[in-house]
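Thanks for coming, everyone. I have a short tour for you today. Please look at the model first.

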Amino acid sequence: MTEIIDGNAVASEIREDLTDAIETLADAGARPGLATVLMGDDPASETYVNMKQRDCEEVGIESYHVDVDGDASPETLYDEIAALNENDDVHGYIVQAPVPDHVDYREVIRRVDPAKDVDGFHPENVGRLVAGDARFRPCTPHGVQKLLESAGVEIEGTDVTIVGRSDIVGKPLANLLIQKADDGNATVTVCHSRTDDLAEKTRSADIVVAAVGVPELIDGSMIGDDAVVIDVGVNRVDADTEKGYELVGDVEFETAKEQASAITPVPGGVGPMTRAMLLYNTVTAASLQEDIDVSLP
């Protein structure tokens, strides 16, 4: 029987494990602080920010939020970033994407203090990740690793196919899985929109990670027998529901689960893990900045 990997349950365990580290820091006078920055009024971004604030409250992390008018100049946003860089109560922060078109997101990332870059997107942190000396593992790739661990999947020696080459998921996950580490030592193929015969690449893999942003691109015919499937995609498609839509992944779940030995659902798979690992990185940032050793899961 195919195992359905429950991201909600694994994320809940991680949050519970983090509470001890958070209390250790708080007892030493250094309660972790996470800030969110939102420029504009994108409804999805507002929802994500609210969820992250609730997560902080649940585990005991101090939560801060900065709203920036969507029509404001880039310099207005940069000033808020500079203020967060200097705020000792804020150990980590994220600038919620997307930002308005007149703002260069890469420039935004370059202005974030790398020590507070709990998304792991700053060029310094990307370089450290590639070099095998990560300060922060990006949240979604790290969450994928934790899901594989929870399912008892042995990474070493496996063939992994990642569909998607984004800076947020595909590239950093590939770097993590090939590294000489207990949760690495895999052989990784990264596929993208110009890959010839995608199905051949996915069928030959022991682990398939779908992170391309195309609804149900990968079906059961593209999955090898007993492969493990991690679906990172979250796509809104029209449906005859009360809301008029439903959320689906990049994998056609019903056919893929007939082939896979384990698979993540959408929703309830990778999504909760991304938020949990943001809390993890915030606690890591506080530990490093305050020079207080804590035990992290």
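**A sheet, a strand and a threonine**

Let's start with an open sheet of 3 strands, in the order S3-S2-S4, with parallel pairing. Its edge strands are S3 (62-68) and S4 (92-95), and each of them pairs on one side only. From one strand to the next, the twist averages 15°. Keep in mind that this is a predicted model.

Now take S2, residues 33-39. S2 pairs with S4 in the parallel sense, over 4 bridges. Want a spot to look at? Valine 37 stands opposite valine 95 in S4. Next comes helix H2, residues 43-59, which packs on the sheet. H2 touches S2, S3 and S4, and its direction makes about 170° with that of S2.

On to strand S7, residues 207-210. Which residues cover its two faces? Ile207 and Val209 are on one side, Val208 and Ala210 are on the other, and all are buried. That fits a general pattern: in a regular strand, side chains alternate between the two faces of the sheet.

S7 has parallel partners. Strand S5, residues 159-163, is joined to S7 by 4 bridges. There, threonine 161 stands opposite valine 208. Strand S8, residues 228-231, also pairs with S7 in the parallel sense, over 4 bridges. Here valine 209 has isoleucine 230 as its bridge partner.

Last stop: threonine 284, in helix H10, residues 270-290. Is threonine 284 buried or exposed? Its relative accessibility is 13%, so it counts as buried; the cut-off is under 20%. Leaving out residues up to four places away in sequence, threonine 284 touches Arg135, Phe136 and Leu296.

Definitions and conventions. Residues are numbered from 1 along each chain as its sequence is written. This is a predicted model: local features need pLDDT of at least 70, side-chain atom pairs count only at pLDDT 80 or more; totals for chains, interfaces and linings use all residues. Side-chain values use heavy atoms; hydrogens and water are left out. Two strands pair if DSSP finds at least two bridges between them. Axes are lines fitted to C-alpha atoms, for helices over the stretch in contact, and angles run from 0 to 180 degrees between N-to-C directions. Contact means heavy atoms within 4.5 Å. Buried means under 20% relative accessible area, exposed over 50%, partly exposed in between (1.4 Å probe, protein chains only).
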